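Biologist: I'm new to this one, so could you walk me through a single part of it up close? I'd like to hear about the spot where the ligand sits and what surrounds it.

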Amino acid sequence: MRVLVLHGPNLNLLGEREPQIYGTQTLVELDAAIAAAAQALGITVTCEQYNGEGALIDALHASREKYSGIVINPGAYAHYSYAIADAISAIGLPVIEVHLSNIAARESFRRTSVTAAACRAVFSGLGADGYVLALRALRELPARSDGGGRQPAR
Ligand code: DQA
């Protein structure tokens, strides 16, 4: 299976950006760890990073033809981008949201993720392991026939 990992804004600064929150691993190192884990899982992975909302939406749209699942860390867009949430809903692929930090335990504005509502699942607060768990979850999803517990939007 082919999976696209999408990193959102400011994640290009991993390693130097608030290391007490996000750790000291650079994005290049994180992507290498994701690639190694993907290989062990038999997944072909591509990692991309965009700071712009439109670029992330374009990447989601383009993923339709090439990938069978997406792992996305939308960064701060998670907290307010209905456009990215709509793009996730539109593409019809399983999308799993990841946050390095535990957004539920931080400032109040981070406790809501509008994009998470469009995703199949969220891993938050597990650092790089969250991406690996998301890859594993995507690999297991096709085996499920019950919709994976996803609730219809109300
Ligand atoms: C983040 C959490 C967001 O609140 C923040 O804006 C980020 C990183 C995380 O991975 O923990 O840019 O998505």
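Modeller: Here's a tour of the ligand site, followed by the salt bridges. Keep in mind that this is a predicted model.

Let's start with the place itself: the ligand is in the largest pocket. There are 13 residues around the ligand, and the ones that come nearest are H79, H99, L100, S101 and R110. Sorted by class, that shell is a mix of five nonpolar, five polar and three charged residues.

Now for the polar contacts. The side chain of N73 has an N or O atom 2.8 Å from an oxygen of the ligand. Backbone atoms join in too: a polar one from A76 is 3.1 Å from a ligand oxygen, and an N or O atom in the backbone of L100 is 2.8 Å from one. On its own the ligand has 320 Å² of accessible area, and the protein covers 99% of that.

Next, pick out R110, one of the residues nearest the ligand. R110 is buried, because its relative accessible area is 13%, under the 20% cut-off. R110 also pairs up with E107 in a salt bridge, with the closest N and O atoms 2.8 Å apart. E107 meets R106 in a salt bridge as well, at 3.7 Å from N to O, so R106, E107 and R110 are linked in a network. Within it, R106 is buried at 14% relative accessible area, while E107 is partly exposed at 36%.

The structure holds three salt bridges, and one of them joins E140 and R139, at 3.5 Å from N to O. Here E140 is partly exposed at 42% relative accessibility, and R139 is partly exposed at 37%.

Conventions
Residues are numbered from 1 along each chain as its sequence is written. This is a predicted model: local features need pLDDT of at least 70, side-chain atom pairs count only at pLDDT 80 or more; totals for chains, interfaces and linings use all residues. Side-chain values use heavy atoms; hydrogens and water are left out. A residue is near a molecule or strand if one of its heavy atoms lies within 4 Å of it. A polar contact is a pair of N or O atoms within 3.5 Å; within protein, one must be able to donate a hydrogen and the other to accept it, and residues adjacent in sequence count only if both atoms are side-chain atoms. Accessible areas come from the Shrake-Rupley method with a 1.4 Å probe; for residues, only the protein chains shown count as cover. On a 1 Å grid over the protein atoms alone, a cavity is a set of points where a 1.4 Å probe fits but cannot get out, and a pocket is an open set with protein on both sides within 12 Å along at least five of seven lines; lining residues have an atom within 4 Å of a point. A molecule sits in a cavity or pocket if more than half of its atoms lie within 2 Å of its grid points. Ala, Val, Leu, Ile, Met, Phe, Trp, Tyr, Cys and Pro count as nonpolar, Asp, Glu, Lys and Arg as charged, and the others, Gly among them, as polar. A salt bridge is a side-chain nitrogen of Lys or Arg within 4 Å of a carboxyl oxygen of Asp or Glu. Buried means under 20% relative accessible area, exposed over 50%, partly exposed in between (1.4 Å probe, protein chains only).
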